[in-house]
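Here are some exercises to work through with the model open beside you. Try each task before you read its solution.

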Amino acid sequence: MAAPGDTEIRLLRADEREPLLALLGEWEMPAPWEGRATDFFRRYVERDPSFETRNVVVAERERRLISCVQIFPRVLRAACEGGGGLAEVPVGGIGSVFTRFEARGQGVSSALLERARAEMRARGLELGVLFAARHGFYTRLGWHLWPRARPLWRRDGATIQPEAARRIERFDPARHLGEVFALHRAHDADRPGTCVRDADGFRAQLAFAGNPDEEFLLARDAAGALAAYVRGIVLEGLYCVTELARRAERAGADALADLVVTLMQPRDPDPLAPAGRASEALRALLVGPCVTDPALDAALDARGVVRSRFSSRDLMLSVLEPAALARRLGVPRRPEDDDAGWLARAWPPERMTFWPADRF
Ligand SMILES: CC(C)(COP(=O)(O)OP(=O)(O)OC[C@H]1O[C@@H](n2cnc3c(N)ncnc32)[C@H](O)[C@@H]1OP(=O)(O)O)[C@@H](O)C(=O)NCCC(=O)NCCS
């Protein structure tokens, strides 16, 4: 879709970070970012190591930025048919999709998204990833909704407290970063649909994953060794577990389940409880990440956590480089395949963990 003729579509210039943030500052965001949209987006501009001005596509009209789209280059682990461990796939995340109010409905954002796809292809990114509620808009532009089963963990009268001897502490980057990063790497190494983060990326990501605050708890075994961690934020009034990791053995599942029930305990004061929402109610229901872990499920059952699942309809994918992606995943395309049909075989939703902490 072409933007109106008086609109220039181009990449952001080096001296345009503040104009970009001023544009994004017009986004009417819900609490807790109400009136603070510039602060929200500044994290992705100043703290994300993948930020480069060439990763932002903008529209300019009458010497003003009126619309933007940010590309977030990432590497995702993917199951690869034919063995040999997981493949690492260069993907392009899409976020910060915004058009100034008075320029909406004229095709500007559609044109920017098309340009962003071309930019991602030019950089060798093979799959586009975005999180959105406006599915029709993105579907018309070549994106596919990729619903995933997401767990709900509910506390009720039978839910028990963590083992009394369990050592649980708050994550402190100054003291714990090394051991936490090591557990993250070991846990995610064979988990498809997770983002590859190096130590710097892990540290940097801490600065923009919160919303604005996150809870990050560690659990240790009797010998004091790290056994599990969990991260959580409040999003649209719901407590969301945004990432977790555990040691592979059974004790790791028990430690992680103890962390989950710890998150469920009401507290006073509760720094995460939104205004007017009691801690008791907020923590009665946790939205889990899209993770398949039977040993964790068993450990949660043993603690009286009521488990269910719902279909999470937020992730959308777009195949950017069909041939390269098919080679990388070891799943050839059949003549009758369209992108969605091929993706359903090559990268089914249950292989797409994508921690909410990695969202953009
Ligand atoms: C979502 C958003 C980015 C769209 O920007 P936009 O520049 O208005 O986008 P477009 O003009 O390309 O498309 C918007 C609609 O106008 C339609 N449209 C585009 N050109 C048109 C034209 N010339 N005549 C009539 N309709 C047109 C599109 O088909 C689209 O329809 P849809 O909403 O039913 O899908 C904008 O509304 C916005 O900034 N919203 C707030 C932030 C936000 O929600 N971002 C997305 C997060 S997922």
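**Exercise 1. Place Asp337 and find what it touches.**

Step 1: Asp337 sits in the loop between α10 and α11; helices here are DSSP runs of H or I with at least four residues, strands are runs of E with at least two, and both are numbered from the N terminus. A quick word on the ground rules: this is a predicted model, where local features need pLDDT of at least 70, side-chain atom pairs count only at pLDDT 80 or more, and totals for chains, interfaces and linings use all residues. Residues are numbered from 1 along each chain as its sequence is written, and side-chain values use heavy atoms, with hydrogens and water left out.

Step 2: Check the burial. Asp337 counts as buried because its relative accessibility is 16%; buried means under 20% relative accessible area, exposed over 50%, and partly exposed in between (1.4 Å probe, protein chains only).

Step 3: List the partners. Leaving out residues up to four places away in sequence, Asp337 touches Pro332, Trp342 and Arg345, where a contact means heavy atoms within 4.5 Å.

**Exercise 2. Now take Pro332: is it buried or exposed, and what does it touch?**

Step 1: Pro332 belongs to the loop between α10 (322-329) and α11 (339-346).

Step 2: With a relative accessibility of 60%, Pro332 counts as exposed.

Step 3: Setting aside residues up to four places away in sequence, Pro332 touches Asp337, Trp342 and Arg345. For Trp342, the C-alpha to C-alpha distance from Pro332 is 8.5 Å, with their positions ten residues apart in sequence.

**Exercise 3. Work out which residues of α10 are buried and how they are arranged around the helix.**

Step 1: Pick out the buried residues of α10: Leu325, Ala326 and Leu329.

Step 2: Look down the axis of α10. Its buried residues fall within an arc of 100°, so they line one face of the helix; the arc is that of the directions from the helix axis to the C-beta atoms. As background, an α-helix has 3.6 residues a turn, so residues three or four places apart point the same way.

Step 3: See what that set packs against: β3 (64-78), β4 (87-99), β5 (127-131), β14 (315-319) and α11.

Step 4: Follow the chain out of the helix. Gly330 comes after α10 and has a positive phi, near 70°.

**Exercise 4. Stay in α10 and describe Arg328.**

Step 1: Arg328 is part of helix α10, and its relative accessible area of 31% makes Arg328 partly exposed.

Step 2: Not counting residues up to four places away in sequence, Arg328 touches Cys80, Ala87, Glu88, Val89, Pro90 and Glu126.

Step 3: For a distant pair, try Val287: from Arg328 it is 41 residues away in sequence and 32 Å away in space, C-alpha to C-alpha.

**Exercise 5. Hunt for unusual backbone geometry.**

Step 1: Recall the usual case: most residues other than glycine have a negative phi, and most peptide bonds are trans.

Step 2: Find the cis bonds. One joins Asn211 and Pro212, with omega about -10°; Pro212 lies in the loop between α6 (199-206) and β9 (215-220). Another joins Asp268 and Pro269, with omega about 0°; Pro269 lies in the loop between α7 (250-263) and α8 (279-282).

Step 3: Find positive phi values outside glycine. Glu62 has a phi near 45° and is in the loop between β2 (56-61) and β3. Phe354 has a phi near 35° and is in the segment after α11.

Step 4: Compare their burial. Glu62 counts as exposed at 75% relative accessibility, whereas Phe354 counts as buried at 2%.

**Exercise 6. Zoom out and summarise the chain.**

Step 1: Count the elements: eleven helices and 14 strands.

Step 2: Check the overall dimensions. The C-alpha trace spans about 65 × 50 × 35 Å along its principal axes. A compact globule of 360 residues would have a radius of gyration near 21 Å, and the chain agrees at 21 Å; the radius is taken over C-alpha atoms, and the globule rule is 2.2 Å times the number of residues to the power 0.38.

Step 3: Turn to burial and contacts. Of the 360 residues, 55% count as buried. Among contacts between residues at least 6 apart in sequence, 74% join residues at least 24 apart.
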